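Hi,

Here is the structure I promised to pass on. Have a look at it first, and my notes follow underneath.

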Amino acid sequence: MSPDSIRHPLTRALLVLTFTTGVIDAASYLGLGNVFVANMTGNVVLLGFGIAGSGGLPVVAPLVSLGAFLTGAVLGGRMAAGLAERTLHLSRSMLIEIGVVLVATAWALVVDVTPGRFSADVVVALLAFALGVRNATIRRVKVADLTTTVLTMTLTGLAADSPLAGGDGSGSWRRGMAVVAMLVGAIAAVLAILIWVVFVPAASAADRADAKPQPAPR
């Protein structure tokens with residue numbers, strides 16, 4: 001079975017990674033102060049906005065993300081140079097990504113993470129490093145239209161190879177699923193943040209109010 005099919009195990013694994021990108025980038029942008037850890041194109045644009053002083057956007061966080069991402073990509077590239085089997089390379093890369101994400105999660109649970117402060121920059125650096133390793137790996141795996149972190153060329157191929165453009169529509173399911181996976185991941189992250197930020201405190205406040213002793217009747 002070719003990786004062009006969404007039934008191929010490698011293709012499905014890459015779609016899962018695309019979903020996680022939507023989760024991670026949405027969480028980093030909304031929770032760590034307007035910064036991406038996977039989409040470096042967006043970071044470069046945000047950095048330009050920040051340098052120009054537009055809308056109070058950050059400068060340090062995008063620089064931290066870019067630096068950590070490039071460092072991770074260097075590691076991923078060196079790993080790829082020593083491994084001929086692409087599935088083995090992907091497996092090792094995923095172990096590194098999972099480990100680094102767990103470290104970032106532990107840091108966020110122990111430390112009061114505040115956007116624009118060192119505490120948030122540590123999380124940004126860890127996540128961007130992990131995604132850099134992944135991107136270098138995916139580049140060597142070479143499955144068309146499944147970069148797992150960006151969708152520009154995926155959307156271009158979806159439109160340019162469609163019957164409407166005179167193409168045969170090959171790969172449309174794979175490309176479409178990649179778009180849906182990242183979209184659903186982003187939506188899931190936003191809902192999780194809303195639950196954590198809005199509903200959990202509201203429920204805790206309601207419980208505390210119920211627990212207060214009622215005044216004795218006169």
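**What I found**

Going along the sequence, the chain reads α-α-α-α-α-α-α. That comes to seven helices and zero strands, where helices (H or I, at least four residues) and strands (E, at least two) are DSSP runs numbered from the N terminus.

Before you go further: this is a predicted model, with local features needing pLDDT of at least 70 and side-chain atom pairs counting only at pLDDT 80 or more, while totals for chains, interfaces and linings use all residues. Residues are numbered from 1 along each chain as its sequence is written, and side-chain values use heavy atoms, leaving out hydrogens and water.

On the whole chain: 38% of the 218 residues count as buried (under 20% relative accessible area; exposed is over 50%, partly exposed is in between, with a 1.4 Å probe and protein chains only). Among contacts (heavy atoms within 4.5 Å) with a separation of 6 or more, 64% are between residues 24 or more positions apart.

Now the inside. The largest nonpolar core (buried Ala, Val, Leu, Ile, Met, Phe, Trp, Tyr and Cys residues joined through side-chain atoms within 4.5 Å) has 20 residues, and Leu32, Val37, Leu127 and Leu131 touch the most other members. Two or more residues each come from H2, H3, helix H4 (86–110) and helix H5 (118–141). H5 gives the most to this core, with seven residues. Apart from this core lies another, of 13 residues, including Leu14, Leu17, Val141 and Leu146.

Try clicking on Val37: leaving aside residues up to four places away in sequence, Val37 touches Ile24, Asp25, Ser28, Asn43, Ser65, Phe69, Val124, Leu127, Ala128 and Leu131.

Asn43, Ser65 and Phe69 turn up again where H2 meets H3: Met40, Asn43, Val44 and Leu47 in H2 are in contact with Pro62, Leu63, Ser65, Leu66 and Phe69 in H3. By class, that makes seven nonpolar, two polar and no charged residues (nonpolar is Ala, Val, Leu, Ile, Met, Phe, Trp, Tyr, Cys and Pro; charged is Asp, Glu, Lys and Arg; the others, Gly among them, are polar). The axes of H2 (residues 40–51) and H3 (residues 60–81) come within 9 Å and cross at roughly 145 degrees; axes are lines fitted to C-alpha atoms, for helices over the stretch in contact, and angles run from 0 to 180 degrees between N-to-C directions.

One last residue: Leu95 is in helix H4, and Leu95 counts as exposed because its relative accessibility is 62%.

Cheers
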